[in-house]
Amino acid sequence: MDNAKFLVVEDSPTMRQLIAFSLKRFRNAQVIEAVDGVDALKILAGPEKIDLILTDINMPVMDGLKLVSLVRQNSELRDIPIIIITTEGAEEDRERGLALGANAYICKPIQSSHLIKTISDLLPA
Amino acid sequence: MAEDQRFDKFLELFNKGKEFTEELLRENQRLRYRLATIEGEVKQLEERFHEIEAENKDFAARYVEIEEQNNNLANLYVASYQLHSTLDFREVVQIVEEILINLIGARTFAILLLDEKTNDLQTVASEGDDAMPGIDKISVRLGEGVLGTVAHGGESYYFSQDPRAGAVGIDRPLAAVPLKLKDQVIGLIAIYKLLQQKEAFAAVDYELFALLAAHAATAVFASKLYSQSERKLNTIQSFLDLLTTTS
């Protein structure tokens, strides 16, 4: 889990900073930030090998659900674990996110310890 | 003769048997003592095991507590950092909104500022007016109703602590937090509804309210002053440009 590269897709700078702050728990973690789904896809198409994606749902330009769907359809990216972090707490939203291929669904406000545990469960030791 | 030999043989065997029995008794005695010692040690180990188990539980509880504190501090740090990251009024208001949604878990809320000339509190930003129609254009006189009283007295209001509270409404929010510069109130934050997954305010939320009360007020005030000084600077610059051109 050392040296992991995380892609944080979130339009709120406050949330991006909070998530990045939580990810400092992982040794030598590198956090790459994207402001929406399109921005994230550009980064994913680049040379950086991303180990895990954390994405919001409600974002301008391209939302998180569309991003999850596109990543899962891409043969080179489909194995990257994805965690959705959102204000949408309804059960049908959770089911939809997981059905599209997200590995975990976390509702805001986030608990740092919960986020860390979820990531630890998804990434190999 | 043969009788004597048999007797001696028997005596020899008897003595050997006696020695062997005595040896067994001594060994038995030694083993009993060893068993008693081991039983004492096992008891001590069991006691130590229970002590360590209790310590372990205590450490686990403290770990959870520290994790929670760590989480709370991260929230406070990020909120404070973001609030002072800009001097643009709209951006400051947007950051306050982000803190309310993402860190506190507010679904429906309004941010009101006090107009010093009219003594009216008015909405400058709101979210979720579908759940609470009218929050986008609240206008309350200082000292009137719950919101006016909060702005006038500078003390936070919590619906859960109000024995007279009936139902949440425009003037009776879940929480109303004054934005204060020392003792001067410049506005307030009123929260009407929390996100579906958030049942009630957590301990950290009250810390965030305290932080918002002071830091959001400073950030809002500083950004307003900055925009005013920018406007004045532009006016003076235009005036100077006019003087230069006409002369």
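In which sense do strand 4 and strand 5 of chain B pair, and over how many bridges? Here are some friendly notes on that and on a few other spots; please bear in mind that this is a predicted model.

1. **The opening question.** Strand 4 of chain B pairs with strand 5 (residues 175-181) of the same chain in the antiparallel sense, over 2 bridges. If you want a residue pair to look at, take Tyr158(B), which stands opposite Ala175(B) of strand 5.

2. **The sheet of chain B.** Zooming out, chain B has an open sheet of 6 strands in the order 3-2-1-6-5-4, with antiparallel pairing. Strand 3 (139-141) and strand 4 (157-158) of chain B each have a single partner strand and stand at the edges, so one side of each has no neighbour in the sheet.

3. **Helices on that sheet.** Helix 3 (residues 145-153) of chain B lies across strand 1 (106-115), strand 2 (120-127), strand 3, strand 4, strand 5 and strand 6 (184-194) of chain B. Its direction is at about 140° to strand 6 of chain B. Helix 4 (residues 203-246) of chain B also packs on the sheet, where it touches strand 1, strand 4, strand 5 and strand 6 of chain B. The angle between helix 4 and strand 5 of chain B is about 45°.

4. **A residue in helix 4 of chain B.** Ala213(B) belongs to this helix and is buried, at a relative accessible area of 15%. Leaving out residues up to four places away in sequence, Ala213(B) touches Val177(B), Pro178(B), Leu179(B) and Lys180(B). The C-alpha atoms of Ala213(B) and Leu188(B) are 7.9 Å apart, although 25 residues separate the two in sequence.

5. **Salt bridges in chain A.** Over all chains the count comes to 17 salt bridges. One of them joins Arg16(A) and Glu33(A), with the closest N and O atoms 3.0 Å apart. Arg16(A) sits in helix 1 (residues 13-23) of chain A and Glu33(A) in strand 2 (residues 30-34) of chain A, so the pair ties together parts that are 17 residues apart in sequence. Arg16(A) is buried, with 12% relative accessible area, whereas Glu33(A) is partly exposed at 40%. Another salt bridge links Lys49(A) and Asp51(A), at 3.4 Å from N to O. Here Lys49(A) is exposed, with a relative accessible area of 59%, and Asp51(A) is partly exposed at 24%.

6. **A salt bridge within the sheet of chain B.** Asp120(B) and Arg141(B) form a salt bridge in which the closest N and O atoms are 3.3 Å apart. Asp120(B) lies in strand 2 of chain B and Arg141(B) in strand 3 of chain B, so parts 21 residues apart in sequence are tied together by this pair. Asp120(B) counts as buried, at 16% relative accessibility, while Arg141(B) is partly exposed at 40%. Back in chain A, salt bridges with shared partners join Glu10(A), Asp56(A) and Lys108(A) into one network.

7. **Strand 4 of chain A.** Is this strand (residues 82-86) enclosed or open? It is largely enclosed by the rest of the structure, because 5 of its 5 residues are buried. In a regular strand, side chains alternate between the two faces of the sheet. Both faces of strand 4 of chain A are covered, with Ile82(A), Ile84(A) and Thr86(A) buried on one side and Ile83(A) and Ile85(A) buried on the other.

8. **Its two partners.** Strand 3 (residues 52-55) of chain A pairs with strand 4 of chain A in the parallel sense over 3 bridges, and Thr55(A) has Ile84(A) as its bridge partner. The chain passes between these two strands through helix 3 (residues 64-73) of chain A in a right-handed β-α-β crossover. Strand 4 and strand 5 (residues 104-107) of chain A are likewise parallel, over 4 bridges, with Cys107(A) as the bridge partner of Thr86(A). Helix 4 (residues 91-100) of chain A makes the connection from strand 4 to strand 5 of chain A, again in a right-handed β-α-β crossover.

9. **Thr86(A) up close.** Thr86(A) lies in strand 4 of chain A and counts as buried at 0% relative accessibility. A polar atom of the Thr86(A) side chain lies 3.0 Å from the backbone nitrogen of Glu88(A). Setting aside neighbours within four places in sequence, Thr86(A) is in contact with Asp56(A), Ile57(A), Tyr105(A), Ile106(A), Cys107(A), Lys108(A) and Gln197(B).

Notes: Residues are numbered from 1 along each chain as its sequence is written. Chains are lettered from A and ligands numbered from 1 in the order in which they are written. This is a predicted model: local features need pLDDT of at least 70, side-chain atom pairs count only at pLDDT 80 or more; totals for chains, interfaces and linings use all residues. Side-chain values use heavy atoms; hydrogens and water are left out. Two strands pair if DSSP finds at least two bridges between them. Contact means heavy atoms within 4.5 Å. Axes are lines fitted to C-alpha atoms, for helices over the stretch in contact, and angles run from 0 to 180 degrees between N-to-C directions. A salt bridge is a side-chain nitrogen of Lys or Arg within 4 Å of a carboxyl oxygen of Asp or Glu. Buried means under 20% relative accessible area, exposed over 50%, partly exposed in between (1.4 Å probe, protein chains only). A crossover is right-handed if, with the strands pointing away from the viewer, the path from the first strand over the helix to the second runs clockwise. A polar contact is a pair of N or O atoms within 3.5 Å; within protein, one must be able to donate a hydrogen and the other to accept it, and residues adjacent in sequence count only if both atoms are side-chain atoms.
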